[in-house]
Amino acid sequence: MQEKIYKVMGSAGATTLVLGICLLVSGIVSGILLIVNGGRLLKNKGNVTF
């Protein structure tokens, strides 16, 4: 019984680490893309004519 608990805890810990790393990477990439796109919008706002 205790062996099963240790195996489940090990797999849950590994899964949590992998998910945390994936979320961290995707968050950083999303932030960089937002900053770049915002800068491009601000740079080109003078080119808009109505």
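Which residues make a nonpolar surface patch of about 550 Å²? In this predicted model, the patch comes from Met-1, Ile-5, Tyr-6 and Met-9. Before looking at its members, it helps to get a feel for the overall fold.

The layout is easy to take in: the protein has one helix and zero strands. Its radius of gyration comes out at 22 Å, while the globule rule gives 10 Å for 50 residues, so the chain is more spread out than a compact globule. The box filled by the C-alpha atoms tells a matching story, at roughly 70 × 15 × 5 Å along the principal axes.

What share of the residues is buried? Buried residues account for 0% of the 50 in the protein. As for the surface, about 4900 Å² is exposed, and 73% of that is supplied by carbon and sulfur atoms.

Back to the patch, and to Ile-5 in particular. This residue sits in helix α1, which covers residues 2–44. Is Ile-5 buried or partly exposed? Its relative accessibility is 42%, and because buried would require under 20% and exposed over 50%, Ile-5 counts as partly exposed. Ile-5 thus joins Met-1, Tyr-6 and Met-9 in the nonpolar patch.

Further along, Ala-14 also belongs to helix α1. With a relative accessibility of 41%, Ala-14 is partly exposed too. Thr-16 is another residue found in helix α1, but here the relative accessible area is 54%, so Thr-16 falls in the exposed class.

Two C-alpha distances add some scale to the picture. Thr-16 and Ile-28 lie 12 residues apart in sequence, and their C-alpha atoms are 18 Å apart in space. For Ala-14 and Gly-46, with their positions 32 residues apart along the chain, the C-alpha separation is 50 Å. These spans go with a chain whose radius of gyration, 22 Å, is well over the globule value.

Key:
Residues numbered from 1 in each chain as written. Predicted model: local features only at pLDDT ≥ 70, side-chain atom pairs only at ≥ 80, totals over all residues. Heavy atoms only, no water. Helix = DSSP H or I, 4+ residues; strand = E, 2+ residues; numbered from the N terminus. Rg over C-alpha atoms; globule rule 2.2 N^0.38 Å. Buried < 20%, exposed > 50% of the residue type's maximum accessible area, 1.4 Å probe, protein only. Areas by Shrake-Rupley, 256 points an atom, 1.4 Å probe, with all protein chains shown as cover. Patch = residues over 30% accessible without salt bridge, like charges linked within 9 Å, V, L, I, M, F, W, Y side chains within 5 Å. Salt bridge = Lys/Arg side-chain N within 4 Å of Asp/Glu carboxyl O.
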